[in-house]
Amino acid sequence: MTDPSSPSSARSAAPLPLAAVWSGPDSGFALTPRPRPELAPGEVLVRIELATICGSDLHTLSGDRPTPTPTVLGHEAVGIVEEVAGSVRTVDGRLVEPGGRVTWTIGTSCGSCRRCLRGVPQKCTAVRKYGHEAITGRWGLNGCFATHCHLVGGTGLVTVPEALPAAVAAPANCATATVVCASRRAELSAGDSVIVTGCGMLGLTAIAYARELGAEHVVACDIDGKRREMALEFGATAVCDPSELAEHALKYGADVVIELSGNSRAVQSALDIVGMDGRVALVGSVSPGPEVRFEPNTFVRNLSHIVGSHNYTVDDLAEAIRFLAGTPAQDLFAGLVSDPLPLTDIDAAVTAAREGIVPRIALHMD
């Protein structure tokens, strides 16, 4: 006879996880109970505390980004560990145990392919990305628009401090970690003059992070006046619209240009204004767009650098959480996220996200 107090009995008595399964633009979401997964060694089941709707989720929902279906979308989240199979540790070596509060990398990495060994595990040849994959027989909770998420082997985990508000922590494993990675790839350091083009959530994060790193000047450029006002609140020393960008770069310098809008004209401007021995980090261009002009003589003579930056490593995610836990702008970051809607109102949440009420619409799972 099974002991009713045993972990297996408690597990079988627990309610089934609920997921917002998406089957394409024509079919939309269906709230569907999913079986609790049988964890393999090295895997973790987390209960989602809060998830946020990212711009890339909206691109998928509108049909602008191919995504296999049916799937569970969502990759920005913070969660509470419910089950662990075997010995699993966070990036700083702490043992992952039930009750722990964590966030995780958007994708997995094998740790042994050439890309992983060369320091770009986010481009692992065997990567699987949360919120981007079709449901399979044993991976039915593979995104964050659900009460639970099944973290498979090769996922990087980071402890989230209890004092860090969920609204601040949830976007860390996309927006904040992406900014950290781009800043590192551009070798942003104290004393730099930084230009940030595009002042959505990524841009505002880049401003605050550059200031923490000791940037001497941070110029924020956006076509939207309200976003420029917010950029000043997040620490920009000057703001401008695109027509004034060259003038501001000349006045303040452009040691590092972080392009986050993905607009081809903004990309062109970034290449045009970068200073002597300066670095351009292209981040926003994540889908095909018009070509831009590139004149190599100028870059050769100016000792210029261009880097592409996409996703991040688990070390970047750990740095993102460290930054968010300590930044004096924490209340400002919380203000970029809506009051949470329940998972059962996911259609209303998507509508609000499309209307741009705030940069991130939040979902809670209770």
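**A tour of salt bridges and cores**

Start by selecting Arg36, Arg47, Glu82 and Glu83, which are joined in a network of salt bridges. Keep in mind that this is a predicted model.

Within that network, show the side chains of Arg36 and Glu82. They form a salt bridge with an N to O distance of 2.9 Å. Arg36 sits in the loop between strand E2 (29-33) and strand E3 (44-53), while Glu82 belongs to strand E5 (residues 76-84), so this pair ties together parts that are 46 residues apart in sequence. Arg36 has a relative accessible area of 14%, which is under 20%, so it counts as buried. Glu82, at 29%, is partly exposed.

Keep Glu82 selected and add Arg47. These two side chains also meet in a salt bridge, at 3.8 Å from N to O. Here the link runs from Glu82 in strand E5 to Arg47 in strand E3, distant parts of the chain that are 35 residues apart. Arg47 is partly exposed, with a relative accessible area of 34%.

Next, select Asp192 and Arg279. Their closest N and O atoms are 3.0 Å apart, and the two form a salt bridge. Asp192 is in the loop between H5 and E9, and Arg279 is in strand E13 (residues 279-282), so the pair connects parts 87 residues apart in sequence. Are these two residues buried or exposed? Both Asp192 and Arg279 are buried. For the full set of such pairs, search the whole structure: there are 13 salt bridges.

Now leave the charged pairs and turn to the nonpolar residues. Select Val194, Ile207 and Phe333: in the largest nonpolar core, which has 53 residues, these three touch the most other members. To see where the core comes from, colour the elements that each supply at least two of its residues: helices H4 (166-169), H5 (175-185), H6 (201-212) and H11 (314-326), and strands E9 (193-197), E10 (217-221) and E12 (256-259). Which element gives the largest share of this core? It is H6, with seven residues.

Stay with Ile207 and display its surroundings. Beyond its neighbours within four places in sequence, Ile207 is in contact with Val196, Cys199, Val218, Ala220, Ala231, Phe234, Gly235 and Ala236.

For the last stop, select Ala19, Leu73, Ile135 and Ala353. They are among the members of a second, separate core of 44 residues.

Terms used. Residues are numbered from 1 along each chain as its sequence is written. This is a predicted model: local features need pLDDT of at least 70, side-chain atom pairs count only at pLDDT 80 or more; totals for chains, interfaces and linings use all residues. Side-chain values use heavy atoms; hydrogens and water are left out. A nonpolar core is a set of buried Ala, Val, Leu, Ile, Met, Phe, Trp, Tyr and Cys residues joined through side-chain atoms within 4.5 Å. Buried means under 20% relative accessible area, exposed over 50%, partly exposed in between (1.4 Å probe, protein chains only). Helices (H or I, at least four residues) and strands (E, at least two) are DSSP runs, numbered from the N terminus. Contact means heavy atoms within 4.5 Å. A salt bridge is a side-chain nitrogen of Lys or Arg within 4 Å of a carboxyl oxygen of Asp or Glu.
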